Amino acid sequence: MIIILCAPSGSGKSTMVRHLLDSYPGKYELSISATTRAPRGQEQHGKEYYFISREEFEQHIQQNDFIEYEQVYEGLYYGTLKSEIDRIQSAGRTIVFDIDVKGGINIKRIFGDEAVSIFIAPPSVEELSRRLYSRGDTSEDMIQKRLAKAEIEMADAPYFDYIVVNDDLATAKAELDLLINQKQ
Ligand code: 5GP
């Protein structure tokens, strides 16, 4: 069983992912992606991401080591190494993917019925905008970029097995639990 969680930024996805991992200790494990972007703040290699150079990333592409990869933002690569899936599955755990919408759709295509793909949607773009502004830690330019990306990503929601609207966090968490438990 593979769980794919995707959402536009500001939809409360990280909170939902945390909830899932914390509610069932030892059952789920987050797939760690490789990226060529630099670590931010306290981020550590092997924890949030495998931070690798562009040369190393391109070498992995040539060796066909990725199950999927993408240039999410200009010039920055993000991808899931096949070895990451082997690592989690051989530990007997369920993989959780927390990746962007395009990546999520690709993973679902590869794993088919073995995977359940869940789109976490904000109640509306207006609400998403309100949430991004109320965080107060993002520039106007970045908020506009994220909102534009969110609108495009919301259009892909129908490609997912399920859509959970994150209006009220407790309800959304309960819905997620229900979906996942049904599937196992
Ligand atoms: P950030 O740089 O903010 O950590 O992530 C930027 C974007 O890349 C997010 O939308 C995140 O979900 C996406 N992302 C992270 N890992 C992967 C991956 O392995 N594949 C794809 N396609 N997207 C990823």
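In this short talk I will go through the ligand and the two pockets of the structure above, which is a predicted model.

Let me begin with the ligand, which has 15 residues around it, and of these Ser33, Arg37, Tyr49, Glu68 and Tyr78 come nearest. If we sort the residues of this shell by class, we find 5 nonpolar, 4 polar and 6 charged. Strands β5, residues 66–73, and β6, residues 76–81, each supply at least two residues of the shell, and β5 gives the most, with 4 residues.

Which atoms of the protein lie close to oxygen atoms of the ligand? A polar side-chain atom of Arg37 lies 2.6 Å from a ligand oxygen, while for Gly79 a backbone N or O atom lies 3.4 Å from an oxygen atom of the ligand. On the side chain of Asp100, an N or O atom is 3.1 Å from a nitrogen atom of the ligand. The protein covers 87% of the 510 Å² of accessible area that the ligand has on its own.

Now to the pockets, where the space taken by the ligand turns out to be the largest pocket, holding about 1,500 Å³ of space. This pocket is lined by 42 residues, and Lys13, Ser14, Arg40, Tyr49 and Asp98 are the closest to its centre. Helix α1 provides the largest share of that lining, 6 residues.

The second largest pocket has about 150 Å³ of space, and its lining includes Glu70, Asp100 and Lys149. The elements giving two or more residues to this second lining are β5, α4 and α6, and by class the lining has 3 nonpolar, 1 polar and 6 charged residues.

Methods
Residues numbered from 1 in each chain as written. Predicted model: local features only at pLDDT ≥ 70, side-chain atom pairs only at ≥ 80, totals over all residues. Heavy atoms only, no water. Near = heavy atom within 4 Å. Polar contact = N/O pair within 3.5 Å; in protein donor to acceptor, adjacent residues only side chain to side chain. Areas by Shrake-Rupley, 256 points an atom, 1.4 Å probe, with all protein chains shown as cover. 1 Å grid on protein atoms, 1.4 Å probe; cavity = no way out; pocket = protein on both sides within 12 Å on 5 of 7 lines; lining within 4 Å. Sits in = over half its atoms within 2 Å of the grid points. Nonpolar A, V, L, I, M, F, W, Y, C, P; charged D, E, K, R; others polar. Points joined across faces, edges and corners; volume = space filled by probe spheres on them.
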